[in-house]
Amino acid sequence: MRIMAIDYGDARTGVAISDALGMLVGQTMVVRSWDREKAAEEVARIAKQAGAEELVMGFPKNMDGTEGARADLYREFAARLEELTGLKPVLWDERRTTIDAHRILSENGKKMKKHRENVDAVAASLILEGYLQFKVNRF
């Protein structure tokens, strides 16, 4: 089962797609768009092209576990993805994914100026890794 993770953002949305068995992170990419509708359409196109059977989307939570200020915006984006793909995105706690993505990029020698190009894809891969691990532990 191919699973796709989404790290939604205002200007860039990270996407990570699992392997065909839904066990490992495979491909990653970034959708660049300030227009929410265009971003949703492109993410939906990628999901269909990749044959995604499940969507998981990062959801903003505060460090105390309460919903972040942008929670409603993310729910709206998830609802639009469901309309476009027929798949209801699982909303996944994305606390610290961007921070961890920046750390990973720094540890691998990427300069801060270059982080912007990759951080959303890395964050999406972290969301996907967390979700895949959750699914393995659930059984």
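**Figure 1. M57 touches I6, Y8, Y74, F77, A78, L81, P89, V90, L91 and W92, leaving aside residues up to four places away in sequence.** Contact here means heavy atoms within 4.5 Å. This is a predicted model, in which local features need pLDDT of at least 70 and side-chain atom pairs count only at pLDDT 80 or more, while totals for chains, interfaces and linings use all residues. Residues are numbered from 1 along each chain as its sequence is written, and side-chain values use heavy atoms, with hydrogens and water left out. M57 sits in strand β4, which spans residues 54–59; helices (H or I, at least four residues) and strands (E, at least two) are DSSP runs numbered from the N terminus. With a relative accessible area of 0%, M57 is buried; buried means under 20%, exposed over 50%, and partly exposed in between (1.4 Å probe, protein chains only). Look also for A5: the C-alpha atoms of A5 and M57 are 5.5 Å apart, although 52 residues separate the two along the chain.

**Figure 2. The largest nonpolar core has 21 residues, and M4, I6, M57 and F77 touch the most other members.** A nonpolar core is a set of buried Ala, Val, Leu, Ile, Met, Phe, Trp, Tyr and Cys residues joined through side-chain atoms within 4.5 Å. At least two residues of this core come from each of β1 (3–7), β2, α1 (36–50), β4 and α2. Helix α2 supplies the largest share, six residues. A second, separate core holds nine residues, among them I3, A16, L128 and Y131. M4 is a good place to pause: beyond four places in sequence, M4 touches V15, A16, I17, V43, I46, A47, A52, E54, L55 and V56. In soluble globular proteins, nonpolar side chains tend to be buried together.

**Figure 3. T85 belongs to helix α2, residues 71–85.** The side chain of T85 makes polar contacts, each a pair of N or O atoms within 3.5 Å; within protein, one atom must be able to donate a hydrogen and the other to accept it, and sequence-adjacent residues count only if both atoms are side-chain atoms. One runs from the T85 side chain to the backbone oxygen of L81, at 2.7 Å. In another, a polar atom of the T85 side chain lies 3.0 Å from the backbone nitrogen of L87. T85 counts as buried, since its relative accessible area is 18%. Apart from neighbours within four places in sequence, T85 is in contact with A44, A47, K48 and L55.

**Figure 4. A salt bridge joins E76 and R36, with the closest N and O atoms 3.1 Å apart.** E76 lies in helix α2 and R36 in helix α1, so this pair ties together parts that are 40 residues apart in sequence. A salt bridge is a side-chain nitrogen of Lys or Arg within 4 Å of a carboxyl oxygen of Asp or Glu, and by this rule the count comes to 10. Both partners in this view are partly exposed, E76 at 47% relative accessible area and R36 at 39%. Side chains of opposite charge can pair when their charged atoms come close.

**Figure 5. R80 and E83 form a salt bridge at 2.8 Å, N to O.** R80 and E83 both lie in helix α2, three residues apart, about one turn of the helix. E83 is exposed at 58% relative accessibility, whereas R80 is partly exposed at 25%. Add E37 to the picture, and you have a network of salt bridges linking E37, R80 and E83. Another pair to find is R75 with E67, whose side chains meet in a salt bridge of 2.4 Å, N to O. R75 is partly exposed, with a relative accessible area of 33%, and E67 is partly exposed at 39%.

**Figure 6. L21, M23 and L24 make up a nonpolar surface patch.** Together these residues offer about 360 Å² of accessible area. L21 is in the loop between β2 (12–18) and β3 (25–32), and counts as exposed because its relative accessibility is 63%. Patches are made of residues with over 30% relative accessible area and no salt bridge, with like charges joined within 9 Å and nonpolar side chains (Val, Leu, Ile, Met, Phe, Trp, Tyr) within 5 Å.

**Figure 7. The protein chain has four helices and five strands.** From the N terminus on, the elements run β-β-β-α-β-α-β-α-α. Of the 139 residues in the chain, 42% are buried. Among contacts with a separation of 6 or more, 59% are between residues 24 or more positions apart. The accessible surface comes to about 7800 Å², and 52% of this belongs to carbon and sulfur atoms; areas come from the Shrake-Rupley method with a 1.4 Å probe, and for residues, only the protein chains shown count as cover.
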